[in-house]
Amino acid sequence: MASAAREQWSSRTGFVLAAVGSAVGLGNMWRFSYLAAENGGAAFVIFYVGVTLVVGLPVLLAELVVGRGAQQSPIRALQHFGGPRWKLLGGVFVAAGFLILSYYGVIAGWTVRYGLIVLTEGFGAHAADRFGEIATGWDAFGFHVLFMAVTIGIVAGGVKRGIERTAMLLMPALFVIVAGLAVYATTLHGASAGYAYYLSADVSKLLHWSVLKDAAGQAFFSLSLGMGAMLTFASYLGRDQHLPNESLIIVGADVAIAFLAGLVVFPLIFALGLEARVEASTVGALFITLPQAFAEMGGVGRVVGFAFFAALVVGALTSAISLLEVVVASAIDGLGWSRRRAALVSGTAITLLGTPSAWSTDVLGVVDQIANNLFLLGGGLALSVFVGWFMRDPVAEARAGAHGVPWFFLWRWLLRFAVPIFLIFVLWFAVPETWHAIRGLFAS
Ligand code: TRP
């Protein structure tokens, strides 16, 4: 049973902002834009929104229901509802947290560095060429360590005083910045080419399975699903919370920010004629193209560039907090560690695990694929099967605090049939592709 000392969020807004903070991050700005660029603009956006509603939303509610119901971190929560055999899935969740945060911290470190550069010196004529120096080696590792230290400090501060307070302070700022940037982007000459690219579908890509796979991976990554992050946050909720409403708010805010980020990135890139560079898409696309754009905009570019990277840093920080919290909560519940010790020890281990990603963007890209294609999609599949088929009366658990919601039946049906079938279909393609990427890394 949950110990009496278990912390809870101090307010509903606190939980919602922390959960939105988890969801909104590098995924919405960096990953979403480069996947959209790679997969035919609106064709991708349409699939992404569809997958988010039909697959992401039910899985999100499933995580919230399990977490709040058990009042425990993932390993214990799954044991609570499913018996000892399901502990293994919780263990996979914690491993996924380790893996994702290890490279997420590296990319977050790049954003800190870019933010500092634009603040102190601005981007010079060769802004694009600096990516290699910034993104790899000791430079990258140093800023990764710095970013992780801040993340560790906040998580060590506790649920209310660390995580909730950070989200309450920073998330509203992020919304204002991104919305402001999107408005600013409308004033750029040549922005319309960006909108055209972003908002009109490349129909030839619409029925390609890889678009669907990327959309599914992105939906899971962006909503922080498939590894118990939302589950852990929900474990600090009381039973009077209306979980279906919370899940709708989280999904709405996450999709809105991703969409807005696209309205910032594409006009910027097209207004400055840099689209050719994005076509050669890699994990670095955004970090190569946008500094170039800011450099060419002169003085305005410094203001806009700083706002942009500040938003990225904020998003990355509140997301990293949720990733670390999965591991930390598990160490507190499972090993009986103090929060400070759990944050310091696991945070340090994760930082060190990021070393290979800090030295090679190829490694980073492959780790990103392993995390998404295998851990998150596989974890989401296992969780939906668990809640759909094995957990006793999940609807009763969901109904606590939410009477009279008409779509619980549909929710259960989706978890039982539509979500697993869809995820198996996606994994069918994603697993060989990931295997191929891993082999490619070792061959080169
Ligand atoms: N959702 C975050 C983003 O879009 C990243 C993230 C945070 C995450 N916690 C997670 C991804 C848990 C997967 C699982 O940047």
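The following exchange concerns the ligand and the cavity around it in a predicted model.

Modeller: In this predicted model, local features need pLDDT of at least 70, side-chain atom pairs count only at pLDDT 80 or more, and totals for chains, interfaces and linings use all residues. Residues are numbered from 1 along each chain as its sequence is written, and side-chain values use heavy atoms, with hydrogens and water left out.

Biologist: Which residues surround the ligand, and what makes a residue count as near?

Modeller: A residue is near a molecule if one of its heavy atoms lies within 4 Å of it. The ligand has 17 such residues around it, the closest being Ala23, Gly27, Tyr104, Phe221 and Ser224.

Biologist: Why is the pair formed by Tyr104 and the ligand called a polar contact?

Modeller: A polar contact is a pair of N or O atoms within 3.5 Å. A polar side-chain atom of Tyr104 is 2.6 Å from an oxygen atom of the ligand, so the pair qualifies. Gly27 contributes a polar backbone atom 2.8 Å from a ligand oxygen atom, and a backbone N or O atom of Ser222 lies 3.1 Å from a ligand nitrogen atom. The protein covers 100% of the 360 Å² of accessible area that the ligand has on its own (Shrake-Rupley method, 1.4 Å probe).

Biologist: What makes the space taken by the ligand a cavity?

Modeller: On a 1 Å grid over the protein atoms alone, a cavity is a set of points where a 1.4 Å probe fits but cannot get out. The space taken by the ligand is the largest cavity, with a volume of about 150 Å³. Its lining has 18 residues, where lining means having an atom within 4 Å of a point.

Biologist: How do you know that the lining of the largest cavity has no charged residues?

Modeller: Asp, Glu, Lys and Arg count as charged. The lining divides into eleven nonpolar, seven polar and no charged residues, so none of those four types is present.

Notes:
A polar contact is a pair of N or O atoms within 3.5 Å; within protein, one must be able to donate a hydrogen and the other to accept it, and residues adjacent in sequence count only if both atoms are side-chain atoms. On a 1 Å grid over the protein atoms alone, a cavity is a set of points where a 1.4 Å probe fits but cannot get out, and a pocket is an open set with protein on both sides within 12 Å along at least five of seven lines; lining residues have an atom within 4 Å of a point. A molecule sits in a cavity or pocket if more than half of its atoms lie within 2 Å of its grid points. Grid points are joined across faces, edges and corners, and a volume is the space filled by probe spheres set on the points.
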